[in-house]
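Trainee: Could we go through this structure together, one topic at a time, so that I can learn to reason from the coordinates?

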Amino acid sequence: MSTDRRKFIKHLGASVLLTSATLNSLAAKEENELRILSAEKRVGPNDKIRIATIGMGIMGFADTRAALTVPGVELVACCDLYKGRLDRAKELYGSTLFTTGDHREILARKDIDAVIIATSDNWHSQIAIDAMRSGKAVYSEKPMVHQISQGLAEIKAQQETKMVLQVGSQRVSSVTYKKAKELYEAGAIGKINSIEASFNRQSALGAWQYTIPFDASPQTVDWARFQSNAKSKYDYDSKRFFRWRNYREYGTGVAGDLFVHLLSGIHFITGSKGPERIYSIGDLAYWKDGRNVPDVMSAVIHYGETKEHPAFQVTLRVNFISGEGDHSTTKIVGSEGVMDLMGDDSFSIRKNKMPVATGIGGWDSLSTFTEAQQKALMDDYNKRFSQADQQQPTLPGESYRAPEGYNASNDHFANFFDSIRTGKPVVEDAVFGFRAAAPCLACNDSYFENKVIKWNAEEMKIV
């Protein structure tokens, strides 16, 4: 075992959750150590997995790097519609790397076992379906679909082909979120009633004003293919290609891009299949650069009572011009505590529990009564409740931070490739991915149509 890996496992042991005896955190720690040790084993020729990445933008390169941290994974091909990114892929991964601007050439190759789909959102679903029907396992970036209407067809394709498909919301594989789920299910915060989750950013890059290369042009970009499945066609526009997240025709705005991270984590922890009602509002407050999606958006989402959880409400917010700076949080509020998840790598729990006694005096109507009434009421109160009953319980808080250097994306890919090798279920299949994506896309529908969207989470359809 490498020295760095030994340090990682040692650090992991030091990060055991500070919690009550009802939780078997050591078991969770040992499970993660076993996964790490398993990844260290020598990979035989029959275990090698040959992959291709379709869409070599920011996420395409990031996903490729994460995938290649898993032993026995080999990159053999890349696809992108901008020639410069194909050149960059060869700079990084060797001149013999097969590159193409047509993803169909990737799917036609028999020596590719799995594809990473990291294109603009409008291509996710169709390429995923085509890939599965071509016998390829699929790792699809979130959101799984560009339109809600695409979801059931993609689920059907996965069920018919039996191919492995995992959606790329890494929080579902995060050791931090596993710990949080463990605590939640043990009742650490009591009965859930509400959740507040947000992403705040304060930078041009955070607001998707990505760098555009000097050589961007119709000669270096396959613009016709890029927008071939869009309902509205436009003349070549470098902004629309390199900053596609800002346009409804190719992206899904802050809802599909960032709300989906929040809901994926929430659904994972709570075991929820999805909400009943969705309403959102938004503004284009600052980044008036031609984009046609909001840069500030809020949503109120109601989850009804199910066998998995009590009824609760969720408020989601993304603010691309927040004076708070770059900050992400998910605050899960229960009747006896609050769980604060800070990004992907840490969380804390603050506990508060009401005393048995109902309370009397202070900011109360007691002082507005006659002295005789006050005395009678106090005597009765002290007879009904002991001094212990009248004291608010003091409960210790808890906290967790992932080991230094931990990366949830690496774990998410390790889980994906384990599923390919062993046949075990993926951690985020098409059903989970769609149930997380659809309510987020419904936030867009609610905003643009100015109405409440009703969703059937069990049947995965708009009511």
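Trainee: Which residue caps the N-terminal end of H8?

Mentor: Keep in mind that this is a predicted model. A side-chain oxygen placed 3.1 Å from the backbone nitrogen of Thr 176 provides the cap at the N-terminal end of H8. The residue that carries this oxygen is Ser 174.

Trainee: How many of the 11 residues of helix H8 are buried?

Mentor: Helix H8 spans residues 175–185 and is mostly covered. The buried residues include Lys 179, Lys 181 and Glu 182, as well as Val 175 and Leu 183. Of the 11 residues in the helix, the number that are buried is nine.

Trainee: Which residue just after H8 takes a positive phi?

Mentor: The phi angle in question is about 85°, and the residue that takes it just after H8 is Gly 187.
A related case, in a residue that is not a glycine, is Lys 162, with a positive phi of about 65°; the general background is that most residues other than glycine have a negative phi. The residue just after H8 remains Gly 187.

Trainee: Is Lys 162 buried or exposed?

Mentor: Lys 162 is found in the loop between H7 and strand E6, the latter covering residues 165–168. Its relative accessible area is 68%, and because the cut-off for the exposed class is over 50%, Lys 162 counts as exposed.

Trainee: And Trp 208, is that residue buried or exposed?

Mentor: Trp 208 also has a positive phi, near 75°, in a residue other than glycine, and is found in the loop between strand E7 (192–200) and helix H9 (223–226). With a relative accessible area of 1%, Trp 208 is buried.

Trainee: Which two residues does the cis peptide bond join?

Mentor: Most peptide bonds are trans. Here omega is about -10° at a bond whose proline, Pro 143, has its place in the loop between strand E5 (137–141) and helix H7 (151–161). The cis peptide bond joins Lys 142 and Pro 143.

Trainee: How many disulfides does the structure hold?

Mentor: The sulfur of Cys 78, a buried residue with a relative accessible area of 0%, is 8.8 Å from the closest cysteine sulfur, that of Cys 79, which is too far for a bond. Cys 440 is in no disulfide either, since the nearest cysteine sulfur, in Cys 443, is 5.9 Å away and a disulfide needs sulfur atoms within 2.5 Å. The number of disulfides in the structure is zero.

Trainee: Which strands stand at the edges of the open sheet?

Mentor: The sheet is formed by 10 strands with mixed pairing, in the order E14-E13-E12-E11-E7-E10-E9-E8-E15-E16. Each edge strand has a single partner, so one side of each is left without a neighbour in the sheet, and these strands are E14 (398–401) and E16 (461–462).

Trainee: Within that sheet, which residue of E10 is the bridge partner of Ile 195?

Mentor: E7 and strand E10 (residues 312–319) pair in the parallel sense over seven bridges. In E10, the bridge partner of Ile 195 is Val 314.

Trainee: Which backbone oxygen lies 2.6 Å from a polar atom of the side chain of Ser 446?

Mentor: Ser 446 lies in helix H15, which lies across E8, E9, E15 and E16 and runs at about 55° to E8. Ser 446 is buried at 0% relative accessibility, and the residues it touches include Ile 278, Tyr 279 and Ile 453. The backbone oxygen 2.6 Å from its side-chain polar atom belongs to Lys 451.

Conventions. Residues are numbered from 1 along each chain as its sequence is written. This is a predicted model: local features need pLDDT of at least 70, side-chain atom pairs count only at pLDDT 80 or more; totals for chains, interfaces and linings use all residues. Side-chain values use heavy atoms; hydrogens and water are left out. Helices (H or I, at least four residues) and strands (E, at least two) are DSSP runs, numbered from the N terminus. Buried means under 20% relative accessible area, exposed over 50%, partly exposed in between (1.4 Å probe, protein chains only). A polar contact is a pair of N or O atoms within 3.5 Å; within protein, one must be able to donate a hydrogen and the other to accept it, and residues adjacent in sequence count only if both atoms are side-chain atoms. Contact means heavy atoms within 4.5 Å. Two strands pair if DSSP finds at least two bridges between them. Axes are lines fitted to C-alpha atoms, for helices over the stretch in contact, and angles run from 0 to 180 degrees between N-to-C directions. Lists of a residue's contacts leave out its neighbours within four places in sequence.
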